[in-house]
Amino acid sequence: MNPANSNSATYYPLRHFAVIEITGADAESFLQGQLTCNVKEIDSSCAGIAGYCNPQGRVISTVLLVKSPDGFLAILPRSLAEKVSKRLQMYVLRSRVNLAVDGGWRLFGCCPEQAAESRAPADRLFPCHLENANLWVCLPGGPLRYLILTKAVQPISADGDDAQWGYWDVLAGVPWFGLEQSEQFIPQMLNLDRLGGVSFTKGCYTGQEIVARTHYLGKSKRALWVGRVAASLPVGDYKVLASDGQTKQGDVLAVQSYQAETALLMVLQSLDEIGKQLILSDQNHTPVTVVSG
């Protein structure tokens, strides 16, 4: 059943995302050696988030991996699609794998208005299903939302505000980021392990040695936190400072303003050590309220 059938719904164009289609007889084994998640756990009923790392264990991009009838679909920020597809292509070698950016797939967001403040119970973070050749993926956190992947010729009429969708993503702690933040953080700093996006038992993948060593030695002292600012902020390169305005406490991964408020993803040290009085490195030293981590 279409989750939006019984409700009026708002649809979002999500122009800031791209889709890489991975098909071929070796698609699963190929991705298993590239992504941090256990690709064998991705099936028609459940998608999964993952990191694509460089050999030093730094995340080039996060991806949401969805099982399609012909292979897999990797959803990722559009600004990183070319970089990721080119690097993946380098590792194809003799594998029976085909890569295509978009590949005829289009991506939309859907928020059923009747369920705007509720969540459907789910045993897994990214439950999904196929209906009428369209893939529906339910997203965690915040209002009930779905990603829709479609090849339909008739486009979905989408007039929702992408900024609102991005604001929800940030508040939900989904670690999307752009080209400027690529290859700066290991998966644990982005909470990918907490989101089920890192397998420590599946075997080797690019960057696995660093990621596993950090996990077993407990050396990651930074993690992802969600913050809020009671004002609209432009997208920019912000640092997180202690209230003295001098001591750096972390980096801002993503900024999204909506209706005179801004949500931030911040890679911070433990809040037990730094306290909760934080400001940004902008001219106004804007105070930040930590929402969750």
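Start by selecting Ile 75 in this predicted model. Leaving aside residues up to four places away in sequence, Ile 75 touches Phe 17, Ala 18, Val 19, Thr 62, Val 63, Leu 64, Val 66, Leu 107, Leu 147, Leu 149 and Trp 176.

Now zoom out a bit. Ile 75 belongs to the largest nonpolar core, which has 71 residues. Add Ile 22, Leu 64, Leu 147 and Leu 149 to your selection: together with Ile 75, they touch the most other members. Then colour strand β4 (residues 59-68), which gives the most to this core, with six residues. There's also a second, separate core of 13 residues; pick out Val 229, Val 240, Leu 268 and Val 288, which are among them.

Next stop: charged pairs. The structure holds 13 salt bridges, so let's visit a few of them.

Select Arg 145 and Asp 169, whose closest N and O atoms are 3.0 Å apart. Arg 145 sits in the loop between β9 (134-138) and β10 (146-150), while Asp 169 is in helix α3 (residues 162-171), 24 residues apart. Is Arg 145 buried or exposed? Arg 145 counts as buried because its relative accessibility is 0%. Asp 169 is buried too, at 5%.

Jump to helix α4 (residues 208-217), where Arg 213 and Glu 209 are four residues apart, so about one helical turn separates them. Their salt bridge has its closest N and O atoms 2.8 Å apart. Here Arg 213 is partly exposed at 42%, and Glu 209 is exposed at 54%.

Last, select Asp 251 and Lys 239, another salt bridge. Asp 251 lies in strand β13 (residues 248-258) and Lys 239 in strand β12 (residues 239-242). Add Arg 222, Asp 237 and Lys 248 to see one network, joined by salt bridges that share partners.

Definitions and conventions. Residues are numbered from 1 along each chain as its sequence is written. This is a predicted model: local features need pLDDT of at least 70, side-chain atom pairs count only at pLDDT 80 or more; totals for chains, interfaces and linings use all residues. Side-chain values use heavy atoms; hydrogens and water are left out. A nonpolar core is a set of buried Ala, Val, Leu, Ile, Met, Phe, Trp, Tyr and Cys residues joined through side-chain atoms within 4.5 Å. Buried means under 20% relative accessible area, exposed over 50%, partly exposed in between (1.4 Å probe, protein chains only). Helices (H or I, at least four residues) and strands (E, at least two) are DSSP runs, numbered from the N terminus. Contact means heavy atoms within 4.5 Å. A salt bridge is a side-chain nitrogen of Lys or Arg within 4 Å of a carboxyl oxygen of Asp or Glu.
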